[in-house]
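User: Please take a close look at one part of this predicted model, the place where a helix of one chain packs against a helix of the other. I would then like to see how that part is set into the chains around it.

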Amino acid sequence: MVYKKRFDGRKFDELRKIEAEVGIIPNADGSARFKIGKTEAIAGVYGPKEMHPKFLQNPKKGTLRCRYDMISFSVNERARPGPSRRSQELGLVIASALEPVCLLNDFPKLIVDVFIEIPQADAGTRCAAICAASMALADAGIPMKDLVAAVAVGKIGDKICIDINKEEEDYDGPGGATDIPIAYSPVENKLTLLQLDGKIKDEDLVKAIKEGIKGAKKIYEIQKAALKKKYKVNEVLNE
Amino acid sequence: MKDYDKKFIIDLYEQGGRLTERKNKDSYREIIIQEPVSVNAEGSARVKIGKTEVIVGVKMNTATPYADSPDEGVMMVTAEFAPIADPEFEPGPPKEEAIELARVVDRTIRESHAIDTKKLCIEKGEKVWMVFIDIYVINNDGNLIDASVLGAMIALKKAKIPKLDKEGNVLFKEHSKKNIPLNCTPTACTIFKINDLFLVDAEKKEEELADARITFGCAGDYVHSMQKGGKGAFTPEEFSKCLKLAIKKNKELQKLLNKI
């Protein structure tokens, strides 16, 4: 069976339904929730604060640290609570996707902690995590050049699909599934996350990235709108 | 201090050079391959790229297959950044960087279906071969991912499956003449970005100054894995440039691997 129509009936470049809001965790300095289809990520930012142990402090600039955690009941088969090899790698790549837009020079020796939890997963969790985290960083007032929007691009069969879900990720028909999560900053015109697994020719990969950027730009608008919604009060005061 | 070094590397490159002598500015440092490292391993290899050295071993055992793939062997990759290799490496459980390295190597091998796992089934649903690929960094002078994939593939190519006794227990000291069934031999090429420069096979000093890196794992004409690292990022144009360069370099590495 050739992949001609998406399992959930979406157009090939159509994103799942997105919900985004900021300021959901009162205790955190900044926080956000980003839901795309059934995949949901919540992010809380704490800091800038003093970094311990002290020898890890960077005297020249602040440190950004991300912890990605899948909640045990977010997936069909219970995920063992606590860090896994996968979650540790993701913490690292998520930080490296966010750091290009964060201006950390203003607070040497300090650390910004970003905690991300995934309550419900249907593929694309690292991308949802990055979307939520970048909004939460903005909400926390961390100086940033831009927001980062992330989306999972896929080559399912021979079709480039934007924002693939679990069913597509698991597609094993002709052509198979190639998963390409990316993150993009429109102001900087830079790709800040680039990962891939599967099988793809170079020309298709270039095309997939191009399509992914288009999808990321749509998400970016939703992220901005969510931030503006919270800070609308200030606009009213200014008038 | 660091800005000066950056300028030094850029100027050097523009004059056609790199910190360590190479054929040309876009070639790998000298690659030395030795095997085996341990006769007790099913297969093993030492890969030196310039001053970087990694050793990779393959060990096998039998195990119950995963429920969702009852007729497939299992592969596992681990990486140790042994404190012997770098003053910055510390003893203790693997840190994020080591886990990332292992997982990028894992994806490159797994996604290209390099190991024919179906042929590693002994008894469907009951018993399959498990292949452990363990990477140890012995000296870190940069480009650990490329060296590790190379080492892993050589160890896999050279590995001999252990014999089983009548009850089906593994005879660890006796190797059969059978190789691990392989479909292809992927390689990985990592490109480091320093300002507008794209460096192949960066050494540690270059890595430390780099803004970002990107790794492409390839087999034949296909890209099977990709990983961006570091604090910087790539424009779409820079990405395409890196992709092209990595594909070219991976072909060279594949040629080298085919000779073994």
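Analyst: Helix H1 of chain A, residues 85-98, packs against helix H2 of chain B, residues 96-111, at an angle of about 105°, and the two axes are 9 Å apart. An angle between 65 and 115 degrees counts as roughly perpendicular, and H1(A) and H2(B) are therefore roughly perpendicular to each other. On the side of chain A, the residues that meet H2(B) are Arg85(A), Gln88(A), Glu89(A), Gly91(A) and Leu92(A). Their partners in H2(B) are Glu96(B), Ile99(B), Glu100(B) and Arg103(B). By class, this contact has 5 charged residues, together with 2 nonpolar and 2 polar ones. As the model is predicted, these statements describe a computed arrangement.

The helix pair can be placed within the contact between the chains, which takes 29 residues from chain A and 27 residues from chain B. On the chain A side, the elements that give two or more residues are H1, strand S9 (190-201) and H4 of chain A. Of these, S9(A) gives the most, with 12 residues. The residues on the side of chain A that touches chain B divide into 11 nonpolar, 8 polar and 10 charged.

H1(A) also packs within its own chain. Its partner there is H2(A), with an angle of about 50° between the helices and their axes 10 Å apart. Angles of 65 to 115 degrees count as roughly perpendicular and those under 35 as roughly parallel; H1(A) and H2(A) are therefore oblique to each other. H1(A) passes H2(A) in a right-handed crossing. From H1(A), the residues in this contact are Leu90(A), Ile94(A), Ala97(A) and Leu98(A). They meet Arg126(A), Ala129(A), Ile130(A), Ala133(A), Ser134(A) and Leu137(A) of H2(A). The residues of this contact divide into 8 nonpolar, 1 polar and 1 charged. The contact of H1(A) with H2(B), by comparison, has 2 nonpolar, 2 polar and 5 charged residues.

From H2(A), residues 125-139, the packing continues to helix H4(A), residues 202-230, with the axes coming within 11 Å and crossing at roughly 35°. H2(A) passes H4(A) in a right-handed crossing. Here Cys131(A), Ser134(A), Met135(A), Ala138(A) and Asp139(A) of H2(A) meet Ile219(A), Gln223(A), Ala226(A) and Leu227(A) of H4(A). By class, the residues of this contact are 6 nonpolar, 2 polar and 1 charged. Ser134(A) is listed in the contact of H2(A) with H4(A) and also in the contact of H2(A) with H1(A). H4(A) is also one of the elements that give two or more residues to the side of chain A that touches chain B.

One residue that connects several of these elements is Ala150(A), found in strand S6 (residues 149-156) of chain A. A residue counts as buried if 20 or more other C-beta atoms lie within 10 Å of its own; Ala150(A) has 30 other C-beta atoms within 10 Å, so it is buried. Leaving aside neighbours within four places in sequence, its contacts include Ala97(A), Cys127(A), Ile130(A) and Cys131(A). Ala97(A) and Ile130(A) also belong to the contact of H1(A) with H2(A), while Cys131(A) takes part in the contact of H2(A) with H4(A). Further contacts of Ala150(A) are Pro181(A), Ile182(A), Ala183(A), Leu193(A) and Ala216(A). The C-alpha atoms of Ala150(A) and Ser185(A) are separated by 8.9 Å, although the two residues are 35 residues apart along the chain.

These contacts sit in a chain of 5 helices and 9 strands, whose elements follow the pattern β-β-β-β-α-β-α-β-β-α-β-β-α-α along the sequence. In chain A, residues 24 or more positions apart account for 71% of the contacts with a separation of 6 or more. Of its 239 residues, 49% count as buried. The C-alpha trace of chain A spans about 55 × 45 × 35 Å along its principal axes. The radius of gyration of chain A is 18 Å, which agrees with the value near 18 Å for a compact globule of 239 residues.

Chain B, which supplies the other helix of the pair, has 5 helices and 12 strands. Its radius of gyration is 19 Å, close to the 18 Å that the globule rule gives for 260 residues, so chain B is as compact as a globular protein of that length. Buried residues make up 46% of the 260 residues in chain B.

Methods
Residues are numbered from 1 along each chain as its sequence is written. Chains are lettered from A and ligands numbered from 1 in the order in which they are written. This is a predicted model: local features need pLDDT of at least 70, side-chain atom pairs count only at pLDDT 80 or more; totals for chains, interfaces and linings use all residues. Axes are lines fitted to C-alpha atoms, for helices over the stretch in contact, and angles run from 0 to 180 degrees between N-to-C directions. Helices (H or I, at least four residues) and strands (E, at least two) are DSSP runs, numbered from the N terminus. Angles under 35 degrees count as roughly parallel, over 145 as roughly antiparallel, 65 to 115 as roughly perpendicular and the rest as oblique. Two residues are in contact if their C-beta atoms, placed from the backbone, lie within 7 Å. Ala, Val, Leu, Ile, Met, Phe, Trp, Tyr, Cys and Pro count as nonpolar, Asp, Glu, Lys and Arg as charged, and the others, Gly among them, as polar. A residue is buried if 20 or more other C-beta atoms lie within 10 Å of its own, exposed if 12 or fewer, and partly exposed in between; C-beta atoms are placed from the backbone. A crossing is left-handed if the near helix is turned anticlockwise from the far one by less than a right angle, and right-handed if clockwise. The radius of gyration is taken over C-alpha atoms; the globule rule is 2.2 Å times the number of residues to the power 0.38.
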